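Student: I'd like a close look at one part of this structure: the charged side chains that pair up. Take me through them slowly, and show me what lies around them.

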Amino acid sequence: MAVAQLGYLGFEVTDLEAWESFVTQVLGLRVHSRLPDGGFRLSMDNHAYRFIITPGDADDLAVVGWEAATPENLSACLERLKSAGTEIVEADREEKEARGVQALFRFQDPAGVPSELYYGPTRADEPFE
């Protein structure tokens with residue numbers, strides 16, 4: 001499989017304020033953008049974001065995003081997942097825009113973790129400092 005890297009992690013949390021305080025003041029991440037539901041995206045490098053924090057009851061991992069380096073690598077990964085019997089759902093235009101990617105496909109890993117395979121992430125407008 002030609003996954004280039006772990007692209008992002010999404011967490012559902014019960015206390016957005018505590019998370020924001022922890023990740024910005026202790027871990028040194030930067031809030032990149034705010035989400036309509038009160039959540040936020042965090043950046044740490046040249047990608048627009050690496051973490052997605054959303055409100056909810058789970059206090060748990062909500063999604064894992066895997067980045068393919070090229071459209072061809074994305075296609076190869078999708079074919080391999082399909083041949084293993086994995087159900088794959090292509091995201092619509094609004095979902096792609098919300099994630100800031102050119103292509104986006106959703107599936108569950110063997111342990112049931114919601115996962116996303118994508119290509120073409122948005123890069124940060126300014127360097128992370």
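Tutor: Sure. By the distance rule used here, the count comes to eight salt bridges. Keep in mind as you turn the structure that this is a predicted model. The general idea is one you'll know from the bench: side chains of opposite charge can pair when their charged atoms come close.

Let's start with R34 and E20, whose side chains meet in a salt bridge with 2.7 Å from N to O. R34 sits in strand β2 (residues 30–34) and E20 in helix α1, so this pair ties together parts that are 14 residues apart in sequence. How buried or exposed is each partner? R34 has a relative accessible area of 52%, so it counts as exposed, the cut-off being over 50%. E20 has 22%, which puts it in the partly exposed class, because buried would need under 20%.

While you're on helix α1, have a look at V26, which belongs to that helix (residues 16–26). Together with F22 and L27, V26 makes a nonpolar surface patch of about 300 Å². Its place in such a patch fits with its accessibility: V26 is at 58%, so it counts as exposed, and patch residues need over 30%.

Now go to K96, which forms a salt bridge with E90, with 3.5 Å between the closest N and O atoms. What would you call K96, buried or exposed? The value for K96 is 18%, so it is buried, since the cut-off is under 20%. Its partner E90 is at 48% relative accessibility and therefore counts as partly exposed. So here a buried lysine pairs with a partly exposed glutamate.

The next pair stays inside one helix. E97 and R93 form a salt bridge of 2.9 Å, N to O. Both residues lie in helix α3 (residues 93–99), four residues apart, about one turn of the helix. Both E97 and R93 are exposed. Set that beside R34 and E20, where a strand and a helix are tied together.

Then there's a network. E95, R99, R106 and E116 are linked by salt bridges. R99 deserves a second look, as R99 also turns up among the residues that line the largest cavity.

That brings us to the empty space. Rolling a probe the size of a water molecule over the atoms shows where empty space is left. By the rule used here, there is one cavity of 30 Å³ or more, and the largest cavity holds about 60 Å³ of space. Which residues line the largest cavity? Besides R99, you'll find G7, Y8, H47, A48, Y49, G100, V101, Y118, P121 and T122. By class, that lining has six nonpolar, four polar and one charged residues.

G100, also in the lining, gives us a handy way to step out to the loops. The C-alpha atoms of G100 and G85 are 28 Å apart, although the two residues are separated by 15 residues along the chain. G85 lies in the loop between α2 (71–83) and β6 (89–90). With a relative accessible area of 63%, G85 counts as exposed. T86 is in the loop between α2 and β6 too, but T86 has 21% and is partly exposed. For T86, look across to Q108: the two are 22 residues apart in sequence and 7.6 Å apart in space, C-alpha to C-alpha.

Two more loop residues round off the tour. N46 is found between β3 (40–43) and β4, and at 48% N46 is partly exposed. From N46 to G65 is 19 residues in sequence and 16 Å in space, again C-alpha to C-alpha. D59, in the loop between β4 (51–55) and β5 (60–68), has a positive phi of about 50° although it is not a glycine. D59 is at 45% relative accessibility, so it counts as partly exposed.

So when you go back to the charged pairs, try viewing them in this order: R34 with E20, joining strand β2 and helix α1; K96 with E90, at 3.5 Å; E97 with R93, within helix α3; and last the network of E95, R99, R106 and E116.

Note on methods. Residues are numbered from 1 along each chain as its sequence is written. This is a predicted model: local features need pLDDT of at least 70, side-chain atom pairs count only at pLDDT 80 or more; totals for chains, interfaces and linings use all residues. Side-chain values use heavy atoms; hydrogens and water are left out. On a 1 Å grid over the protein atoms alone, a cavity is a set of points where a 1.4 Å probe fits but cannot get out, and a pocket is an open set with protein on both sides within 12 Å along at least five of seven lines; lining residues have an atom within 4 Å of a point. Grid points are joined across faces, edges and corners, and a volume is the space filled by probe spheres set on the points. Ala, Val, Leu, Ile, Met, Phe, Trp, Tyr, Cys and Pro count as nonpolar, Asp, Glu, Lys and Arg as charged, and the others, Gly among them, as polar. Patches are made of residues with over 30% relative accessible area and no salt bridge: like charges are joined within 9 Å, nonpolar side chains (Val, Leu, Ile, Met, Phe, Trp, Tyr) within 5 Å. Accessible areas come from the Shrake-Rupley method with a 1.4 Å probe; for residues, only the protein chains shown count as cover. A salt bridge is a side-chain nitrogen of Lys or Arg within 4 Å of a carboxyl oxygen of Asp or Glu. Helices (H or I, at least four residues) and strands (E, at least two) are DSSP runs, numbered from the N terminus. Buried means under 20% relative accessible area, exposed over 50%, partly exposed in between (1.4 Å probe, protein chains only).
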